[in-house]
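Thanks, everyone, for making the time this morning. Let me put the structure on the screen, and then I will walk through it piece by piece.

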Amino acid sequence: MQIEKFSYDNKIVKYFAIATVVWGTIGMLVGIIIALLMFYPNLLGGLHDGWNSFGRLRPLHTNAVIFAFVGNMIFAGVYYSMQRLLKARMFNDTLSWVHFWGWQLIIVSAVLTLPLGITTSKEYAELEWPIDIAIAIVWVVFGINMIGTILKRRERHMYVAIWFYIASFVTVAVLHIVNSFEMPVGFLKSYSWYAGVQDALVQWWYGHNAVAFFLTTPYLGLMYYFLPKAANRPVYSYKLSIIHFWALIFIYIWAGPHHLLYTALPDWAQSLGTVFSVMLIAPSWGGMLNGLLTLRGAWDRVREEPVLKFMVVAVTAYGMSTFEGPMLSLKNFNAVAHYTDYIIGHVHIGGLGWNGFLTFGILYWMIPKMWNTKLHSLKLANMHFWIGSLGIVFYALPLYASFFVQSLMWKQFTPDGILAYPNFLETVTQIVPMYMLRAFGGILYWAGVLIMLYNLYKTAVAGKFVANEEAEAPALEKKVITGGYWHRALERKPVLFTVLSLVAILIGGIIEMVPTFLIKSNVPTIASVQPYSPLELQGRDIYIREGCNACHSQMVRPFRWETERYGEYSKAGEFVYDHPFLWGSKRTGPDLHRLGGKYPDSWHYYHMYDPTSTSQGSLMPRYPWLYEQYYDQEGIPDKISAMRTLGVPYEEGYEDLVIEDVQKQAEQITAQLKTENIETDPNLDIIALIAYLQRLGTDINVQETASAQ
Amino acid sequence: MFKHYFEQIQNIEIWPVISLILFFVFFIFTIVWILFLDKKYIEKMKGLPFDDEAGETNTNLKN
């Protein structure tokens with residue numbers, strides 16, 4: 001057999017690793033800033049154009065830590081492990097670099113657009129359409145590079161880590177493309193192709209699987225390579241890894257609707273989400289146990305080796321958050337936990353514990369290896385471990401406490417049957433101390449990252465980087481092997497394997513979505529629900545720009561404690577013209593679906609300028625720039641045309657009357673404000689926003705009035 | 001639009017039944033195939049991550 005000489009490309013791994021650390025540090029810093037904004041909303045006050053408000057920085061934080069920190073680590077880990085597992089250099093160096101720089105360019109464009117309020121509002125898919133296209137292209141480049149490497153491999157069998165990489169690649173591609181169907185209106189603005197309930201279903205099918213196939217499966221792949229390497233012993237059970245892999249990718253894709261329990265989503269879809277979420281505990285814990293049991297007989301080394309410490313906590317945190325996940329998907333628990341801080345605590349157990357700690361463990365292992373040296377300081381790594389662990393505890397526990405306090409207060413009735421805390425704000429001021437502790441936890445965690453930064457830098461300086469690591473292996477024989485059990489055959493055919501993974505993940509998505517799209521009875525229409533007026537539509541875009549949906553839901557669930565507080569529960573038919581849907585996922589402030597007509601225009605006028613003027617002690621940020629900026633009237637007719645293309649029944653030729661209608665409605669509002677001694681310009685952003693807020697959830701009142709007559 | 005195309009689909013009730021069968025068959029297959037996996041193959045797969053090294057140490061600990 002001929003022995004071939006080749007080299008592993010370490011340089012690309014080095015660049016992705018540096019990007020991981022740099023973006024991670026920045027993304028977590030933004031996290032600390034928004035954690036501080038939650039109890040000190042005017043922390044960054046004095047800047048009046050809004051780029052630094054909570055609603056705009058929150059997606060910057062989530063995108064930075066998910067796609068920049070975790071994303072770059074996935075690529076660093078995949079490029080490192082794949083070359084070695086397949087005994088081949090990456091398929092094409094140019095593709096590797098196009099992938100690297102393309103991905104960083106996408107991150108930079110997110111950093112530029114999100115604080116400017118350029119967002120689609122869909123969580124973890126906030127980036128606008130030109131960036132969406134760039135993501136798709138760079139992702140395909142990554143895929144070609146990966147499959148190409150598999151095809152030129154020198155090892156016949158694909159190790160389980162590589163199955164995870166392939167499944168993640170395929171699924172993220174499908175999720176991204178389906179969720180990003182949108183109608184462009186100008187260069188950096190678009191409307192979701194789907195509306196209301198359907199948009200919500202697609203979004204959370206995406207959102208949940210972003211967690212599954214970006215934060216989980218690629219990291220499981222990394223775990224299956226780096227944990228055995230660091231522990232210097234093979235994975236506990238390879239059979240378990242096979243079952244756990246197929247079960248995970250087959251089941252995960254169905255679980256999305258658990259984000260929409262008790263909403264206007266059809267009941268059968270909710271139940272489906274619950275059932276599959278509960279089932280998920282089996283494959284998830286299969287993975288966790290496989291990881292932990294790999295360390296059997298090596299626990300003495302865990303005491304001494306910080307790499308293993310980080311990995312053990314990471315895998316344990318994975319087990320914990322995948323236990324919380326199914327529990328939170330039970331309808332009775334979800335009823336109280338949804339919209340509260342529990343969810344934020346839950347995702348950070350996963351994010352800080354699983355993703356963060358596994359990343360740190362891998363970096364502490366990989367960097368000395370590539371620089372051909374030992375880690376600069378074990379002591380500092382241990383310090384990082386303890387300060388980071390403490391950070392997680394200080395982060396998550398206060399949020400669990402906050403959940404108990406606030407959700408009980410939301411539900412509390414007096415013996416007379418009225419809400420004990422009718423003012424939402426009362427329930428918020430109670431949890432401010434918890435928010436402070438949480439920010440403290442975040443700062444601890446971040447301090448640990450800075451220690452790591454220093455430690456890794458010193459390690460690199462002390463060592464000598466090996467850009468191309470020499471290796472040799474026999475060439476793969478071309479003979480066709482017949483027989484063998486069919487999974488072994490499957491493994492030898494990467495393209496077929498990819499197709500089968502694709503089929504496995506498509507089944508769930510199709511079965512959930514198709515009926516929601518095609519059976520009319522799933523979204524009963526309400527005759528009195530009308531499209532938004534052009535000014536309201538403009539106001540809705542301002543609501544999206546400012547990220548109001550980060551803290552306010554628009555979905556009153558059918559519970560007494562909600563209908564008493566907010567009004568009639570929300571119905572699917574009310575959202576048929578909502579491109580995109582704005583149901584939100586967290587109530588830092590109250591639900592807004594029945595806000596229309598609740599307060600006079602003047603209340604909103606004062607409240608948006610300074611929330612404390614109408615609500616003493618409010619934690620909502622001020623929006624003074626809405627009183628200085630003018631909305632773009634000329635652009636509204638194009639928005640109307642785009643909406644008509646998406647199926648909103650504006651009459652043909654309505655575009656010509658739009659500006660007239662906008663002015664008429666804006667002047668009505670200013671005239672109304674004038675009666676309360678407020679002189680203002682009808683072309684200001686705030687007027688459009690008031691028009692939208694006053695419209696919210698009022699259409700069904702029209703129906704009630706009509707039927708009463 | 002595909003929305004209208006799908007509206008024509010008849011007998012949508014059969015979908016849950018199909019999915020149940022799919023799942024059942026899928027997991028039975030997986031388990032059967034795992035049961036019959038060859039031990040030598042499993043050992044080889046387990047060892048794959050360690051193929052690339054010749055006596056190198058896997059630890060940061062200073063021995």
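I would like to begin with one residue, A:G71, which is buried because 23 other C-beta atoms lie within 10 Å; a residue counts as buried if 20 or more other C-beta atoms lie within 10 Å of its own, as exposed if 12 or fewer do, and as partly exposed in between, with the C-beta atoms placed from the backbone. Before going further, I should say that this is a predicted model, in which local features need pLDDT of at least 70 and side-chain atom pairs count only at pLDDT 80 or more, while totals for chains, interfaces and linings use all residues. Residues are numbered from 1 along each chain as its sequence is written, and chains are lettered from A and ligands numbered from 1 in the order in which they are written.

Coming back to A:G71, its place is in helix α2 of chain A, where helices (H or I, at least four residues) and strands (E, at least two) are DSSP runs numbered from the N terminus. If we leave aside the neighbours within four places in sequence, A:G71 is in contact with A:I66 and A:W103, contact here being defined as C-beta atoms, placed from the backbone, that lie within 7 Å. From A:G71 to A:E304, by contrast, the C-alpha to C-alpha separation is 29 Å, and the two are 233 residues apart in sequence.

Now to the packing of helix α2 itself. The helices α2(A) and α13(A) pack at an angle of about 40 degrees, with their axes 11 Å apart; the axes are lines fitted to C-alpha atoms, for helices over the stretch in contact, and the angles run from 0 to 180 degrees between N-to-C directions. The pair is therefore oblique, given that angles under 35 degrees count as roughly parallel, over 145 as roughly antiparallel, 65 to 115 as roughly perpendicular and the rest as oblique. Their crossing is left-handed, meaning that the near helix is turned anticlockwise from the far one by less than a right angle, whereas clockwise would make it right-handed. On the α2(A) side we find A:V65, A:V70, A:M73, A:G77 and A:Y80, and these meet A:G351, A:N355, A:T359, A:I362 and A:M366 in α13(A). The residues of this contact divide into six nonpolar, four polar and no charged, on a scheme in which Ala, Val, Leu, Ile, Met, Phe, Trp, Tyr, Cys and Pro count as nonpolar, Asp, Glu, Lys and Arg as charged, and the others, Gly among them, as polar.

How does α13(A) pack with α16(A), and at what angle? Helix α13 (residues 341–370) and helix α16 (residues 432–462) of chain A pack at about 15 degrees, with their axes 10 Å apart, so α13(A) is roughly parallel to α16(A). This crossing, too, is left-handed. The contact is made by A:L352, A:F360, A:L363, A:I367 and A:P368 of α13(A), together with A:Y445, A:M452, A:L456, A:T459 and A:A460 of α16(A), and these divide into nine nonpolar, one polar and no charged.

At the level of domains, chain A is assigned domain 1 (7–479 + 498–513) and domain 2 (534–708), with bounds that come from an automatic or database domain assignment. Their C-alpha centres lie 34 Å apart, and the contact takes 45 residues from domain 1 of chain A and 49 residues from domain 2 of chain A. On the domain 1 side, the largest share, five residues, comes from α2(A), and the residues of that side divide into 23 nonpolar, 15 polar and seven charged.

Let me finish with some backbone details. The peptide bond from A:H579 to A:P580 is cis, with omega near -5 degrees, and A:P580 is found in the loop between α20 (560–566) and α21 (601–609) of chain A. Two residues that are not glycine have a positive phi: A:S121, at about 80 degrees, and A:N372, near 55 degrees. A:S121 counts as buried, with 23 C-beta neighbours inside 10 Å, whereas A:N372, in the loop between α13 and α14 of chain A, is exposed, with 11 other C-beta atoms within 10 Å.

Terms used
Contact = placed C-beta atoms within 7 Å.
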